[in-house]
Amino acid sequence: MQSKMTSLHLSDQEAQHSCFQKWMELQQQDLLELIHGLHNSSSPSSSSTSSTNDFKLKQLIQKSIEHFQDYIDKRKKFARSDVTAYLAPIWCTSLESSMLWISGCRPSSFIRLIYAISGKELDSHLSNCLQGNMSWSLTSGKLELSTVQMNLVDELQRKTIRQENQLSNKLASLQEELADHPFAIIANEVENHGEISREAEKALDKHAKCLMNVVEEADKSRMETLKELVMNILSPLQAVEFLVASKKLHLCINAWGKTRDHQHGRNGETAERNTCSTLS
C-alpha cells in the first residue's frame, strides 16, 4: 500500500514538472516567433502594408495569450488536488521562489515592466505626462505611448494593485488560521504528532479549498491584466515588444536562479528541478 502511494506521489510530481517544462519550452518558442515578427514588421525590405503587419502581430499576441491560458488551465487541474505544491513549488530556483506571489507573479509587475523598459520612473514622470501632451518611448524610441495610453495604464495599475491587496489579505487570513481553531485545538489534543487524524485531514482539505480559490483569483487577475495591456491599451507593435521583454525577463530569471543556486552549493537540488512561472 505504501509503495502504491509513493508511486502515485511520484507520478503526480513528475506530471507537475512536465507541465512546467513544456510551459518554459513554449516561452522560448514564443519569444523566437515574436522577435521574428518584430524583425519582419520593421524590415525596410518588407512589402507588407501596415494593416497586414498589424494582423500578423495580433496573431502572435493571441498565440502567446492562448499559451498562457492553456498553462493556467493545466496547472489548475494539478493544483486542485495539491494546491500547496504551487504555493511553495520545489521546481523553482531559490531566486524564483523569493519572487513568487500566490503561485506566480504579481499582476502589477506587467505594468512595472512597461515603465522599466521605457527608461522612465512612474513617480517622477507620470504626472507630467498626464497633464500635458508628452509621450514616452517604449524601448528603442521608435514607439511612444500617448497621453490617452498613459491614462489607461495608470488606471489599470491602480485597479490591479487594489486586487492584489485584497488577495494578499485573503492569503494572510488563511495563513493565520493555522494558529487558530480548529488546527490549534486538533494539534493540542493529539498524542502522536506524527499521525494525521481524520479530523485534521478534513480541516486541511477545507483549508486547501480556500487556498485554491485564492490561487484561481490570482491567476484570473494575472490574465486580465496582461490581456488588457496587450489587447486593449498597447498597439500591436508595442504589445509584441512588451511580450518580448517579458519573456526575456522570465527566462533570464530562471537562468540566473540556477546560476545562483550553483554558486551557493544548491546545484544538486536545482538539477532535479524544472522551471516555474515567475512572469507570464
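Which residues have the most contacts inside the largest nonpolar core? In this predicted model, they are Ile102, Leu226, Leu229, Val230 and Phe242, within a core of 52 residues. Helices H1, H2, H3 (84-87), H5, H7 (147-177), H9 and H10 (236-263) each supply at least two residues of this core. Helix H9 gives the most to the core, with 10 residues. In soluble globular proteins, nonpolar side chains tend to be buried together.

## Overall architecture

The chain has 11 helices and two strands. Read from the N terminus, its elements follow the order α-α-α-α-α-α-β-β-α-α-α-α-α. Of the 280 residues in the chain, 40% are buried.

## Helices H2 and H5

Helix H2 has 30 residues, which at 1.5 Å a residue should span 44 Å; the C-alpha atoms at its ends are 43 Å apart, in agreement with that expectation. The buried residues of H2 include the nonpolar residues Leu57, Leu60, Ile61, Ile65, Phe68, Tyr71, Ile72 and Ala79. Asn53, Ser64, His67 and Arg75 of H2 are also buried.

Helix H5 (residues 108-118) is largely enclosed by the rest of the structure, because eight of its 11 residues are buried. These buried positions are Ser108, Ser109, Phe110, Ile111, Leu113, Ile114, Tyr115 and Ser118.

## Aromatic contacts

The whole structure contains seven aromatic pairs. In one of them, Trp23 and Tyr71 have ring centres 4.5 Å apart and planes at 10 degrees, so the pair is stacked. This pair links distant parts of the chain, since Trp23 belongs to helix H1 (residues 2-42) and Tyr71 to helix H2 (residues 50-79), 48 residues apart. Trp23 and Tyr71 are both buried. Trp23 and Tyr71 also belong to one aromatic cluster, together with Phe20, Phe68, Tyr86 and Trp91.

## Backbone features in the loops

The loop between H4 (94-99) and H5 holds Ile102, and Ser103 lies in the loop between H4 and H5 as well. Phi of Ile102 is positive, near 50 degrees, in a residue other than glycine. Ser103 is likewise not a glycine, and its phi is positive at about 70 degrees. Ile102 is buried, with a relative accessible area of 6%, and Ser103 counts as buried at 6% relative accessibility. Ile102 is also among the residues with the most contacts inside the largest nonpolar core.

A further backbone feature concerns Pro182, which is placed in the loop between H7 and helix H8 (183-189). The peptide bond leading from His181 to Pro182 is cis, with omega near 5 degrees.

## The second largest pocket

Where is empty space left? Rolling a probe the size of a water molecule over the atoms shows this. The second largest pocket contains about 300 Å³ of space. Its lining has 16 residues, and Ser81, Thr84, Leu204, Asp205 and Ala208 lie nearest the centre of the pocket. By character, the lining residues divide into eight nonpolar, three polar and five charged. Which helix gives the most to this lining? Helix H9 (residues 198-233) does, with eight residues. Helix H9 thus appears twice in this account: it gives the most to the lining of this pocket, and it gives the most to the largest nonpolar core.

## Residues apart in sequence

The table lists two residue pairs with their separations along the chain and in space.

| Pair | Separation in sequence | C-alpha to C-alpha distance |
|---|---|---|
| Glu177 and His207 | 30 residues | 8.7 Å |
| Ala79 and Lys209 | 130 residues | 9.9 Å |

Glu177 lies in helix H7 and is partly exposed, with a relative accessible area of 35%. Ala79 is found in helix H2 and counts as buried at 2% relative accessibility, which is under the 20% cut-off for a buried residue.

Key. Residues numbered from 1 in each chain as written. Predicted model: local features only at pLDDT ≥ 70, side-chain atom pairs only at ≥ 80, totals over all residues. Heavy atoms only, no water. 1 Å grid on protein atoms, 1.4 Å probe; cavity = no way out; pocket = protein on both sides within 12 Å on 5 of 7 lines; lining within 4 Å. Points joined across faces, edges and corners; volume = space filled by probe spheres on them. Helix = DSSP H or I, 4+ residues; strand = E, 2+ residues; numbered from the N terminus. Buried < 20%, exposed > 50% of the residue type's maximum accessible area, 1.4 Å probe, protein only. Phe/Tyr/Trp six-rings, centres within 6.5 Å; stacked < 30°, edge-to-face > 60°. Expected span 1.5 Å × (residues − 1). Core = buried A, V, L, I, M, F, W, Y, C linked by side-chain atoms within 4.5 Å.
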